[in-house]
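This explanation is intended to be read with the sequence and the model side by side. Please keep both in view while the parts are taken in turn.

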Amino acid sequence: TGVPVEEQKKINSLYPVDSNGKVHLPFLEKLDAAGKSPKQFADAIEKAYIDGGIYDKPKIEVLIDHPCDDIKVALVGGQVVKTGPIRFVEGMTIWLAITKAGGVTEFGDLSRVNLHRDGKTTFYDLTKEENRGVLLKIDDSVEVTKKH
């Protein structure tokens, strides 16, 4: 079932879309990504792996990584390992942004994470799974507060 751990390292990667809208993935022929949303393309990849008898229940996530270096989350700061700007990708969640910043330090409080957007601050408790999927927008700032 799923993808064996030793093969996940081979498969979890960035794959470019060629000029014809095709993506070459491990163990598969090129798949057509053109005109598909990330969810639609992930579903197509999962189906191709199942139909090809390669994996029984793969779980694929597709994120769009823009080549522009100027597209960033403005800042991930506070109690994270690496504070500062990080590259923004479509579908990035608040949890992924913190992960890209190296995770939380020993002093970080995941129960009170600030999301700064358009001059407003919203607090999220990331110890609750349902809050980890909050989608970020370009120029958002995420701040992990210090434990009290």
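The paragraphs below proceed from the overall fold to one helix, then to a pocket and to several individual residues.

The structure shown is a predicted model. Its secondary structure comprises three helices and nine strands. Followed along the sequence, these elements appear in the pattern α-β-β-α-β-β-β-β-α-β-β-β. The C-alpha atoms occupy a box of roughly 50 × 35 × 25 Å, taken along the principal axes. Of the 148 residues in the protein, 36% are buried. Among contacts with a separation of 6 or more, 46% are made by residues 24 or more positions apart.

Helix α2 merits a closer look. This helix covers residues 38-51, which amounts to 14 residues. From its first C-alpha to its last it reaches 20 Å, close to the 20 Å expected at 1.5 Å a residue. Which residues of α2 are buried? They are Phe41, Ala42, Ile45, Glu46, Ala48 and Tyr49. Viewed down the axis of α2, these buried residues fall within an arc of 160°, so they line one face of the helix. A general property of helices is relevant here: an α-helix has 3.6 residues a turn, so residues three or four places apart point the same way. On the other side of α2, Lys39 and Asp51 are exposed. Just after the helix, Gly53 adopts a positive phi of about 70°.

Ala48 illustrates the buried residues of this helix. Ala48 belongs to helix α2, and its relative accessible area is 17%. Because the limit for a buried residue is under 20%, Ala48 counts as buried. When neighbours within four places in sequence are left aside, Ala48 is in contact with Leu28 and Leu31. By contrast, the C-alpha atoms of Ala48 and Trp95 are separated by 29 Å, with their positions 47 residues apart along the chain.

The loop that follows the helix provides another point of reference. Lys57 is located in the loop between α2 and β3. With a relative accessible area of 58%, Lys57 is exposed. Lys57 and Lys47 are ten residues apart in sequence, and their C-alpha atoms are 9.2 Å apart in space.

Helix α2 also contributes to the largest pocket. The space in this pocket is about 940 Å³. Its lining consists of 29 residues, of which Ser13, Tyr15, Glu61, Val62 and Leu63 lie nearest the centre. Which elements each supply at least two residues of the lining? They are α1 (5-11), α2, β3 (64-65) and α3 (94-100). The largest share, four residues, comes from α2. By class, the lining has 19 nonpolar, four polar and six charged residues.

Strand β2 offers a further residue to examine. Asp32 is found in this strand and, at 32% relative accessibility, counts as partly exposed. Residues up to four places away in sequence not being counted, Asp32 touches Asn20, Gly21, Lys22 and Phe41. One of these, Phe41, is also among the buried residues of α2. Asp32 and Val17 are 15 residues apart in sequence, with 8.8 Å between their C-alpha atoms.

Finally, two residues deserve attention for their backbone geometry. Phe27 has a phi near 70°, a positive value in a residue other than glycine. Phe27 lies in the loop between β1 (22-23) and β2 (31-32). Is Phe27 buried, partly exposed or exposed? At 47% relative accessibility, Phe27 counts as partly exposed. Asp118 likewise has a positive phi in a residue other than glycine, with a value near 50°. Asp118 is placed in the loop between β7 (108-117) and β8 (120-124). The relative accessible area of Asp118 is 73%, and this residue is therefore exposed.

To return to helix α2, the buried residues of this element line one face, while Lys39 and Asp51 are exposed on the other side. The same helix supplies four residues to the lining of the largest pocket.

Technical notes
Residues numbered from 1 in each chain as written. Predicted model: local features only at pLDDT ≥ 70, side-chain atom pairs only at ≥ 80, totals over all residues. Heavy atoms only, no water. Expected span 1.5 Å × (residues − 1). Buried < 20%, exposed > 50% of the residue type's maximum accessible area, 1.4 Å probe, protein only. Arc of directions from axis to C-beta. 1 Å grid on protein atoms, 1.4 Å probe; cavity = no way out; pocket = protein on both sides within 12 Å on 5 of 7 lines; lining within 4 Å. Points joined across faces, edges and corners; volume = space filled by probe spheres on them. Nonpolar A, V, L, I, M, F, W, Y, C, P; charged D, E, K, R; others polar. Contact = heavy atoms within 4.5 Å.
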